Amino acid sequence: MPVDTPVQIVASLDLPWSAVPVGREVLVSQRGTGDIVALRPGATSRSVGVVPGVVARGDGGMLGLAALAQGAEVWVYAYHSTTSGNRIVRMAYSDGVLGNVQVILDSLPGGRGHNGGRIAFGPDGMLYATVGETRNPDLSQDQNSLAGKILRMTPDGGIPADNPIKGSLVYAFGLRNPQGLAWDEDGQLWATDFGDDTWDELNRIRPGGNYGWPVVEGRGGNPAYIDPVMQWHTQEMGPSGLAYVRGTLFIAGLTGERLWSVTMDATGNPQARAHYVGQYGRVRDVFEGIDGKLWFVTNGRRGDPGGQILSVTLAPAPAARCTPTDGSAQVCPNDEVER
């Protein structure tokens with residue numbers, strides 16, 4: 001669990017969306033400008049390059065980042081919006097500067113809303129990407145569309161032979177606007193998904209799994225769809241970035257302006273706790289920093305946008321003391337562990 005007061009690493013960022021450690025630095029995307037900045041504790045942040053062709057409209061723009069080291073070469077991957085949808089590109093990163101852009105995957109579904117945008121490399125060496133349903137809910141169930149999906153691809157954008165749907169990048173479907181990806185120590189993939197007006201979700205992802213949108217939002221108990229492991233009322237959460245650090249899942253709560261932690265008890269039931277409720281504005285991303293602490297990215301508040309990154313020390317989690325049973329993550333008395 002986070003302990004002590006978070007320490008500010010950097011402020012005055014322009015709507016930061018994603019951050020990824022690369023060596024002794026952290027690279028941060030800025031949604032509105034296409035600029036990627038590098039930072040480290042105690043040093044002034046600096047631009048390492050601007051990704052060309054970024055179009056910021058609605059919730060689109062310069063979104064997710066991922067990094068891949070291949071021998072002495074480091075590639076930085078970026079998911080961003082264009083005039084005709086979304087695309088994934090990569091750039092060599094050398095001597096603190098981004099190289100020329102190589103397009104990995106173009107013409108992904110995109111629009112003014114529900115663009116998804118998270119990318120991450122899994123323990124299998126494959127690149128995973130979240131794609132929203134672009135406010136077209138029926139596309140989530142259409143396996144011929146990449147909208148409302150989690151995709152899995154090779155580092156150069158190819159289709160892996162062992163993907164669950166032969167000849168397709170689709171790894172999981174029936175999602176609305178997924179924005180978080182993380183793997184636990186067993187290699188299990190987890191993902192967050194923005195709900196509509198009832199339930200936000202934390203899902204355990206199965207290859208080829210159908211998560212129900214738009215037929216089901218939250219737990220529906222329908223065997224045709226996979227229910228979330230945990231759900232929150234939408235005003236409490238708005239789940240964006242996701243990280244797994246030493247036994248705990250951390251979720252960036254955008255709408256609820258808080259950081260969430262989720263652990264599993266001895267019987268495998270999820271236990272959640274809210275942190276820093278309303279203190280730092282909209283939390284967009286969370287990850288393990290280069291100093292071994294937990295770092296989280298904020299976007300300011302509605303009507304007062306901004307951006308900063310904070311760092312906080314982690315300590316062993318306390319034992320759960322209360323377990324509401326309605327399936328939500330309601331706040332328990334005295335800031336006790338929630339379910």
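Q: How does the radius of gyration of this protein agree with that of a compact globule of 339 residues, and what is its value?
A: The model here is a predicted one. For 339 residues, a compact globule would have a radius of gyration near 20 Å. The protein agrees with that expectation, because its own radius of gyration is 19 Å.

Q: What does the C-alpha trace of the protein span along its principal axes?
A: Let's turn to the overall dimensions. Taken along the principal axes, the C-alpha trace of the protein spans about 55 × 50 × 40 Å.

Q: How many helices and how many strands are there in the protein?
A: The secondary structure is quickly told. Helices number 0 in the protein, and the strand count is 25.

Q: What share of the residues in the protein is buried?
A: A residue counts as buried when its relative accessible area is under 20%. Among the 339 residues of the protein, the buried share is 58%.

Q: What percentage of the contacts with a separation of 6 or more comes from residues 24 or more positions apart?
A: Here we look at contacts in the protein whose separation is 6 or more. Of these, the part that joins residues 24 or more positions apart is 51%.

Q: What part of the accessible surface of the protein belongs to carbon and sulfur atoms?
A: The accessible surface of the protein comes to about 13,300 Å². Carbon and sulfur atoms account for a share of 46%.

Q: How far apart are the mean positions of the positive and negative charges of the protein?
A: The protein has 27 positive and 35 negative charges. Between the mean position of the positive charges and that of the negative charges, the distance is 3 Å.

Q: Tyr128 and Tyr171 form one of the aromatic pairs; what is its geometry, stacked or edge-to-face?
A: The count of aromatic pairs comes to 8. In the pair of Tyr128 and Tyr171, the ring centres are 5.4 Å apart and the planes stand at 90 degrees. Planes over 60 degrees apart meet the criterion, so this pair is edge-to-face.

Q: Which strands does the pair of Tyr128 and Tyr171 tie together?
A: The two residues are 43 apart in sequence, so their pair ties together separate parts of the chain. Tyr128 is buried at 3% relative accessible area, and Tyr171 is buried too, at 11%. Tyr128 sits in residues 127-131 and Tyr171 in residues 170-173, so the strands are β11 and β13.

Q: Which residue joins Tyr128 and Tyr171 in a cluster linked by ring pairs?
A: Ring pairs link Tyr128 and Tyr171 into a cluster with a further residue. That residue is Trp183.

Q: Are Tyr276 and Tyr280 buried or exposed?
A: Tyr276 and Tyr280 form an edge-to-face pair, with 5.8 Å from centre to centre and 75 degrees between the planes. The relative accessibility of Tyr276 is 14%, and for Tyr280 the value is 16%. The limit is 20%, so both residues count as buried.

Q: Where does Arg282 lie, and is it buried or exposed?
A: Arg282 has its place in the loop between β22 (270-275) and β23 (283-288). Beyond four places in sequence, its contacts include Gly253, Glu257 and Asn299. Its relative accessible area is 13%, so Arg282 is buried.

Q: Which residue does a cis peptide bond join to Trp213?
A: The omega angle of this bond is about 5 degrees. The partner lies in the loop between β17 (209-210) and β18 (230-233). The residue is Pro214.

Q: Asp95 and Thr134 have positive phi values; which of them is exposed?
A: Phi is near 55 degrees in Asp95 and about 55 degrees in Thr134, and neither is a glycine. Thr134, in the loop between β11 and β12 (149-153), counts as buried because its relative accessibility is 11%. The loop between β8 (85-94) and β9 (97-108) holds Asp95. With a relative accessible area of 77%, the exposed residue is Asp95.

Q: Which residues does Val22 contact beyond four places in sequence?
A: Val22 has its place in strand β2 (residues 16-22). Its relative accessible area is 11%, so Val22 is buried. Leaving aside neighbours within four places, the contacts of Val22 are Leu27, Ala67, Val74 and Tyr93.

Technical notes: Residues are numbered from 1 along each chain as its sequence is written. This is a predicted model: local features need pLDDT of at least 70, side-chain atom pairs count only at pLDDT 80 or more; totals for chains, interfaces and linings use all residues. Side-chain values use heavy atoms; hydrogens and water are left out. Helices (H or I, at least four residues) and strands (E, at least two) are DSSP runs, numbered from the N terminus. The radius of gyration is taken over C-alpha atoms; the globule rule is 2.2 Å times the number of residues to the power 0.38. Buried means under 20% relative accessible area, exposed over 50%, partly exposed in between (1.4 Å probe, protein chains only). Contact means heavy atoms within 4.5 Å. Accessible areas come from the Shrake-Rupley method with a 1.4 Å probe; for residues, only the protein chains shown count as cover. Lys and Arg count as positive and Asp and Glu as negative; His and the chain ends are not counted. The place of a charge is taken as NZ of Lys, CZ of Arg, CG of Asp or CD of Glu. Rings of Phe, Tyr and Trp (its six-membered ring) pair if their centres lie within 6.5 Å; planes under 30 degrees apart count as stacked, over 60 as edge-to-face and the rest as tilted.
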